[in-house]
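Let's take a walk through a protein together, one step at a time. Have the picture ready, and turn it around as you read.

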Amino acid sequence: MKVNGKRVVSRLEEIYQCGKKEDGTFTRMAFSAEDVKGRKLFASWAEALGMTCRIDEAGNLIARMEGQDEKLPAILMGSHLDTVPDGGKYDGVLGCVGGLEICETFKEEGYVPRHPIEVIVFTDEEGFRFGKGLTGSSAICGQDPKVSDSEADIYGEERGKVMESYGITSGDMLKAAKDPSSVHCFIELHVEQGARLYKTDTSVGVVSSIAGVNRYDVVVTGEANHAGSTAMADRKDALVAAAGFINKIPEITAEYGNEFTVATVGTIKVTPHSVNVIPGTCAFSLEIRDQDDKVMSLIEEKLRGFLEEICKKYGVTHTFVPTSFHEPAPMSEWVKENVEKAVKELGIDYCTIPSGAFHDSLIMTSVFPTGMIFVPSEKGISHSRYEYTKDEDIENGCNVLLQTVLNVDR
Ligand SMILES: [Zn+2]
């Protein structure tokens, strides 16, 4: 039994077209008209297969196909259809369209799995609109997505209003929580969004874990003063100290981390932010990611130590406040083994890799046995219109998903 790779590729294109906007980009922001259009198209394909579609209290679109034994827990697949602005064709969409392709292949082959199958399109995975993502998967896992109808998005629109397009409200979201006993496992097919598979010319990645992420707010405080009349020796320049710290990050991660350790300063703000004033404060974000929380703690410790040192050197002070913490999430051993078995059975070249990016699987793995399959992103590019995955890799990824479902169904 094999999937129809051409059908998958053409459906990725069809969903992409749903995001066509007047500004020339293709964007399916969560809850937008474009997003709803894509979901409707997806639901129409599922319904044509005789699957039942429903939208749960958190807005997750769930397409279900019954198996031989209705008492058995369901095999879940899926991902998300929402995109970042000017996003690509593959991120998220592949896991949804791929999941549906497994059901369509079963139907065409007259194969009825033992377990029921559900393909889930999760709500607002990307999260750029309201500044927090993984909304639908959090609710399915019974974790409070911490949303309110009155909060505003980056355009000033209220959540309660924009979520009308899904017919949901914030207060009901947790009702979407799935009983763990109703789920056999969850398998997400996704593009890698990094360059490991591409660089090694490997068709499929068996995901070992999703990196943990620690975030911090750092503020360095010096003294704002006249940029013309304050001698260099008399300055307490917050930005100079912060710059020295930021510059040291690659060295510290290289020395105390591993090949997967990353640390980033992604935002920075100085006050008073004037061309003729020495920066009095410099506030910036810091993020550390790794597969091992011990490594993350060590990097934090070393970075804090260096920050202390450099602030002393420049006569400035600092605060270092943790803002969020996500532990590394290893995939379930037995699901991962079934993915690996599938790749071997199909004779496809593969390697075992961690994921540096967040996915719905990060949340799903906290409650349900979860596995992930990666296919290469050309040049490692993602969250971009230049995102590209070769047709043959898409077909391979979908066939691995199919074979994995067959394996876990037995
Ligand atoms: Zn994604």
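How many bridges join strand 3 to strand 4, and do the two strands run parallel or antiparallel? Strand 3, made of residues 74–80, is joined to strand 4 by six bridges, and the two run parallel. To see one such pairing, look for serine 79: its bridge partner in strand 4 is valine 121. Before going further, keep in mind that what you are looking at is a predicted model.

Now stay with strand 4 and look at its other neighbour in this tour, strand 2. Strand 2 covers residues 61–65, and five bridges join it to strand 4, this time in the antiparallel sense. Two of these pairings are good to find by eye. Alanine 63 has valine 119 as its bridge partner in strand 4, while methionine 65 has isoleucine 117.

Is strand 4 mostly covered or mostly open? Strand 4, residues 117–122, is mostly covered, with six of its six residues buried. You can check this one face at a time. On one side sit Ile117, Val119 and Val121, on the other sit Glu118, Ile120 and Phe122, and all of them are buried, so both faces of the strand are covered. Strand 2 is in a similar setting: four of its five residues are buried, so it is largely enclosed by the rest of the structure.

From strand 2 we can step to strand 1, residues 52–55. Four bridges join strand 1 to strand 2, and the two run antiparallel. Here threonine 52 stands opposite arginine 64 in strand 2. The two strands form a hairpin with five residues between them, and in this hairpin glycine 59 takes a positive phi near 85 degrees.

Next, let's move from strands to a helix. Helix 3 has 17 residues and reaches 24 Å from its first C-alpha to its last, close to the 24 Å expected at 1.5 Å a residue. Of those 17 residues, 13 are buried, so helix 3 is largely enclosed by the rest of the structure. Just after the helix comes glycine 110, which takes a positive phi of about 70 degrees.

What lies inside the protein? Its largest nonpolar core has 84 residues, and Cys185, Ile373 and Leu401 are the ones with the most contacts inside it. Helix 3, residues 93–109, gives this core its largest share, eight residues. Leucine 401 is a nice place to pause. Leaving out residues up to four places away in sequence, Leu401 touches Met77, Gly98, Ile102, Ile187, Leu189 and Ile373. There is also a second, separate core of 22 residues, which includes Val270, Val295, Leu303 and Ile310.

It is time to zoom out to the whole protein. It is divided into domain 1, residues 5–210 + 328–409, and domain 2, residues 212–326. Taken over C-alpha atoms, the centres of domain 1 and domain 2 are 36 Å apart. Where they meet, five residues of domain 1 are in contact with nine residues of domain 2. On the domain 1 side of this meeting place, three residues are nonpolar, two are polar and none are charged.

Let's finish with another group of strands, gathered around strand 12, residues 281–290. Strand 7, residues 212–221, is joined to strand 12 by 10 bridges and runs antiparallel to it. Within this pair, tyrosine 216 stands opposite leucine 286. Strand 9, residues 262–264, also runs antiparallel to strand 12, with three bridges joining them, and its threonine 264 stands opposite glutamate 287. Strand 10, residues 268–271, pairs with strand 12 in the antiparallel sense over four bridges. In that pairing, valine 270 stands opposite cysteine 282.

Our last stop is proline 279. Where does proline 279 sit? Its place is in the loop between strand 11, residues 277–278, and strand 12. Although it lies in a loop, proline 279 is buried, with 28 other C-beta atoms within 10 Å. To count as buried, a residue needs 20 or more such atoms. Not counting residues up to four places away in sequence, proline 279 touches Gly222, Ala224, Asp237, Ala238, Leu239, Val270 and Thr271. Alanine 43, by contrast, is 236 residues from proline 279 in sequence and 54 Å from it in space, C-alpha to C-alpha.

Note on methods
Residues are numbered from 1 along each chain as its sequence is written. This is a predicted model: local features need pLDDT of at least 70, side-chain atom pairs count only at pLDDT 80 or more; totals for chains, interfaces and linings use all residues. Domain bounds come from an automatic or database domain assignment. Two residues are in contact if their C-beta atoms, placed from the backbone, lie within 7 Å. Ala, Val, Leu, Ile, Met, Phe, Trp, Tyr, Cys and Pro count as nonpolar, Asp, Glu, Lys and Arg as charged, and the others, Gly among them, as polar. A nonpolar core is a set of buried Ala, Val, Leu, Ile, Met, Phe, Trp, Tyr and Cys residues joined through C-beta atoms within 7 Å. A residue is buried if 20 or more other C-beta atoms lie within 10 Å of its own, exposed if 12 or fewer, and partly exposed in between; C-beta atoms are placed from the backbone. The expected span of a helix is 1.5 Å times one less than its number of residues. Two strands pair if DSSP finds at least two bridges between them.
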